[in-house]
Protein chains: 2
Amino acid sequence: MPSDHAALMAIGEAVTVRPGSKLFRQGDTGTHIYMVESGVVRISHDLPDGKRQVLAFRWAHDVFGMAPDGWYFNNADALDKGRIVRFHTEKLQGLLLARPHMQHRFLLKATAEISLQQHRIILMSKYDVVTKVVAFLLECCRKDQYFDSVTRILTLPMSRPDIADYMGVATESVSRALGVLERRKVIHRHDMHHLAIDLSRLRECARL
Amino acid sequence: MPSDHAALMAIGEAVTVRPGSKLFRQGDTGTHIYMVESGVVRISHDLPDGKRQVLAFRWAHDVFGMAPDGWYFNNADALDKGRIVRFHTEKLQGLLLARPHMQHRFLLKATAEISLQQHRIILMSKYDVVTKVVAFLLECCRKDQYFDSVTRILTLPMSRPDIADYMGVATESVSRALGVLERRKVIHRHDMHHLAIDLSRLRECARL
DNA sequence: CGTATGTTTGAGGATTATCAATGAAAGTGG
DNA sequence: CCACTTTCATTGATAATCCTCAAACATACG
């Protein structure tokens, strides 16, 4: 009996993506479940009035593309070049039903996701802009592939509007928050997508 | 082989609760998973500075009490008298592993929950106070046990601070929003916990 | 090299939180 | 059962945060 991982890969389809690749659009029929192997994917939702909410960034090992109603509620776009694996929903369901422990790992992943979203709701409704940006940076610094712990350089694959729409604030507010943090010597903007980070000071800024 | 439901009840423990009953506190070790049979449970989280976020109200058939890290992150309090069933986490896990289809229903419930929370994040970061209150009222009107569709009376088991902390606004803002809706003849406050609702007008108010 | 896109900074305005006061409801103990 | 206390709800005035608009600047792309 093949291992869970091998069985998954057997029904999976690997895709290499370039920055800007669209994985799916909101309204598309939800045929696949996706998992990130490398790179970053932006999950976003467009509103009737033209505003956009970024609901998540999905990094290595994250799952996305669940469509409980049969169609995708969100857009998924690659921000980086990377590798994504996707699974036909029915095939994955069959595999999960045949492998209870594997399904249980998915269930745990889902409950962990619920817990993370609860943290996010708290962050977005109770804290000011600077704190939100600090929390966002801390989140990014946990991704080894994007934060070099020796040089302390954080590479941000997303734009300022992406960050703003993720935290539910205006783009300009993100810029100003970064300005505040730079004046406090918590970060240093090397260029738009590369920040030098003083992790201990950054953690002090987070009164969570 | 007993049905899934019977098997669940066999390992479950029913509890009757009075208004104000504490089911668990944040920080308690997470020993049980809960399911509401009747009544309403408030899931909330206290912050260091004394502020509180209400993360969810759990109605009939809703599940709560998942503790991915082994301890509860939130408080759970009954708002109403009602019946709750709780399951030892390990026993439930054993049952789920033995019954893949039952586990799959839990997985679907979890992904549906993730989807609902995404709606909530959008609601809380993109809309104004009145729209938030409208969305909250519409959510409550879907609960047959609390909205009488012939008299059009909605019974709210929660207080204004509960609603405010749920939507991430100030208590006073909820009062003002209800005042606006009453002046627009969308609702009529019979008393604090009983609103007469004009559903079609309420739906018009929701530009979601 | 020019255009389009993304970023930063400033000024003004709008929404909502905070503070304060009043009134209503509910729970407590005599 | 009633006075008392406490909590909850509503309304008004003020203040703060953040969004919007606008311009200057930097960067990326054809």
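Helices here are DSSP runs of H or I with at least four residues, numbered from the N terminus. This is a predicted model, in which local features need pLDDT of at least 70, side-chain atom pairs count only at pLDDT 80 or more, and totals for chains, interfaces and linings use all residues. Residues are numbered from 1 along each chain as its sequence is written, chains are lettered from A in the order in which they are written, and side-chain values use heavy atoms, without hydrogens and water.

Q: Which helices each supply at least two residues of the surface near DNA strand D?
A: A residue is near the strand if one of its heavy atoms lies within 4 Å of it. Both chains take part: helix H6 (171–183) of chain A, and from chain B helix H5 (160–167) and helix H6 (171–183).

Q: Which residues come nearest to DNA strand D?
A: There are 16 residues around this strand. Sugar and phosphate make up 57% of the strand's atoms within 4 Å of the protein. The nearest residues are A:Ser173, B:Arg160, B:Pro161, B:Ser175 and B:Met192.

Q: How many Å separate a polar side-chain atom of B:Arg160 from a phosphate oxygen of DNA strand D?
A: A polar contact with the strand is a pair of N or O atoms within 3.5 Å. B:Ser175 also reaches a phosphate oxygen with its side chain, at 2.8 Å, while A:Val129 uses a polar backbone atom, at 3.0 Å. For B:Arg160, the distance is 2.7 Å.

Q: What rotation superposes chain B on chain A?
A: The fit is by least squares on C-alpha atoms of residues with pLDDT of at least 70 in both copies. The shift along the axis is 0.0 Å, the RMSD is 0.0 Å, and the rotation is 180 degrees. That is the relation of a two-fold axis.

Definitions and conventions
Polar contact = N/O pair within 3.5 Å; in protein donor to acceptor, adjacent residues only side chain to side chain.
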